[in-house]
Amino acid sequence: MKPKILVTREVFSEALDFLGQHFDVTPNQGDAPMSPEALAKALADKNGALITLTEKIDAALLAQCPKLKAVCNIAVGFNNIDLNACQAHGVMATNTPGVLEDSTADFTWALILATARRVTEAEQYLRAGKWSGWKLKQFLGVDVHHATLGILGMGRVGQAVARRARGFEMTVLYHNSHRLSAEVEKSCHAAYVSLDELLARADILTVHTPYSPATHHLLGTTQFAKMKPNAILINAARGGVVDDAALITALKQGVLAGAGLDVFENEPALHADFLKLTNVVLTPHIASSSEATRRRMAMLAAENLVAALTTGKPPNLLHPPA
Ligand code: GLV
């Protein structure tokens, strides 16, 4: 008998076909998000699951899934998975590194440029029929070229963002949990600085750290006060790294000039005041969402699941086997 697996959300047909060659698959092509109760019920008799960042895998859930051996995230971030609980329950957990960094970096640049040059605000004005003609002082933005880019979190995505800054002839500074090798710093044309120096010097600060208890509200009122008043903040990493309520206050008071945000605390229920601000660019957690990349992510997650349940050695295992 084939192992039984659940696919928690809609995926591309090639990933489903591949999984079907190895498993008895319960799909969810209707894409309805599952409540924790529905997820526990659906996983009660399953050996594996292809999951997304909208499913929380914790001890309470795993206690109800005695047959589960692997959960494979279609995402590089894995703050939705409690790895200690997985290890305690003998469940392998995997993510999708190496396939989405370039697309995510591209999108970070879309947010940087859109925020600095007020692209969405100007488009909304035009679409509303308010444009009566060219004006010298219309939608004055801030320059990206030759500015100082601060990168908080210099993993694969942070590095890809840094490499793209060369075209804009920027000064690139970064802060990270550990300093990168001289070779990597050179390839990124980036200099390591303390967090305080990063905050003080960046014209554009972009966040690329994973979310964990250690990075919860890493940026809030205290940190915003250390930034330049004309600085802009970009977050295409995870909600929760930035204190959203504090950011809204900083944007309203002119402590920061603008923000470009793809991720939010408690998404999709983002703080309602964001919608009232004109100096923000807001997108619905789509930084990795080019068609080619989302297809690769789904396939890599499926490959992880097949390897986990057939060999016990998925390529992107997040913790040592229990
Ligand atoms: C998307 O947010 C991811 O972590 O891949």
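**Exercise 1. Disulfides**

Task: Find how many disulfides the rule gives, and explain why Cys 65 has no bond to Cys 86.

Solution.
- Step 1. Recall the chemistry: a disulfide is a covalent bond between the sulfur atoms of two cysteines.
- Step 2. Set the rule: a disulfide is a pair of cysteine sulfur atoms within 2.5 Å.
- Step 3. Take Cys 65. The closest cysteine sulfur belongs to Cys 86 and is 10 Å away, too far for a bond.
- Step 4. Give the count: zero disulfides by this rule.
- Step 5. Add the surroundings. Cys 65 is buried, at 4% relative accessible area; the cut-offs are under 20% for buried, over 50% for exposed and in between for partly exposed, with a 1.4 Å probe and protein chains only. Cys 188 is also buried, at 1%.

Note on the source: this is a predicted model, in which local features need pLDDT of at least 70, side-chain atom pairs count only at pLDDT 80 or more, and totals for chains, interfaces and linings use all residues. Residues are numbered from 1 along each chain as its sequence is written, and side-chain values use heavy atoms, with hydrogens and water left out.

**Exercise 2. The ligand site**

Task: List which residues surround the ligand, then find which polar atoms of Val 76, Gly 77 and His 285 face its oxygen atoms.

Solution.
- Step 1. Apply the cut-off: a residue is near a molecule or strand if one of its heavy atoms lies within 4 Å of it.
- Step 2. Read off the residues. They are Leu 53, Ala 75, Val 76, Gly 77, Leu 100, Arg 238, His 285 and Met 297.
- Step 3. Look for polar contacts. These are pairs of N or O atoms within 3.5 Å; within protein, one must be able to donate a hydrogen and the other to accept it, and residues adjacent in sequence count only if both atoms are side-chain atoms.
- Step 4. Check the backbone. A polar backbone atom of Val 76 is 2.8 Å from a ligand oxygen. For a polar backbone atom of Gly 77, the distance to a ligand oxygen is 2.8 Å.
- Step 5. Check the side chain. An N or O atom in the side chain of His 285 lies 2.7 Å from an oxygen of the ligand.
- Step 6. Follow Val 76 further. Its backbone nitrogen is reached by the side chain of Thr 96 at 3.4 Å. Thr 96 sits in the loop between strand 5 (92-94) and helix 5 (101-116); helices (H or I, at least four residues) and strands (E, at least two) are DSSP runs, numbered from the N terminus. Thr 96 is buried, at 0%.

**Exercise 3. Backbone exceptions**

Task: Say what phi Phe 139 and His 285 have, and which form the peptide bond from Glu 267 to Pro 268 takes.

Solution.
- Step 1. Start from the norm: most residues other than glycine have a negative phi, and most peptide bonds are trans.
- Step 2. Take Phe 139. Its phi is positive, about 50°, although it is not a glycine. Phe 139 is in the loop between helix 6 and strand 6 (148-152) and is partly exposed, at 24%.
- Step 3. Take His 285. Its phi is also positive, near 50°. His 285 lies in the loop between strand 12 and helix 12 (291-310).
- Step 4. Turn to the peptide bond. From Glu 267 to Pro 268 it is cis, with omega near 10°. Pro 268 belongs to the loop between strand 11 (258-261) and strand 12.

**Exercise 4. A buried asparagine**

Task: Locate Asn 80 and find which backbone atom its side chain reaches.

Solution.
- Step 1. Place Asn 80: the loop between strand 4 (70-73) and helix 4 (83-88).
- Step 2. Check accessibility. Asn 80 has a relative accessible area of 8% and is buried.
- Step 3. Trace the contact. The side chain of Asn 80 reaches the backbone oxygen of Glu 55 at 3.0 Å.

**Exercise 5. Distances across the model**

Task: Find how far Arg 118 is from Asn 304 and from Ala 292, C-alpha to C-alpha.

Solution.
- Step 1. Place Arg 118: the loop between helix 5 and helix 6. Arg 118 is partly exposed, at 26%.
- Step 2. Go to Asn 304. The two are 186 residues apart along the chain, and their C-alpha atoms are separated by 41 Å.
- Step 3. Go to Ala 292, in helix 12. Ala 292 and Arg 118 are 174 residues apart in sequence and 28 Å apart in space.
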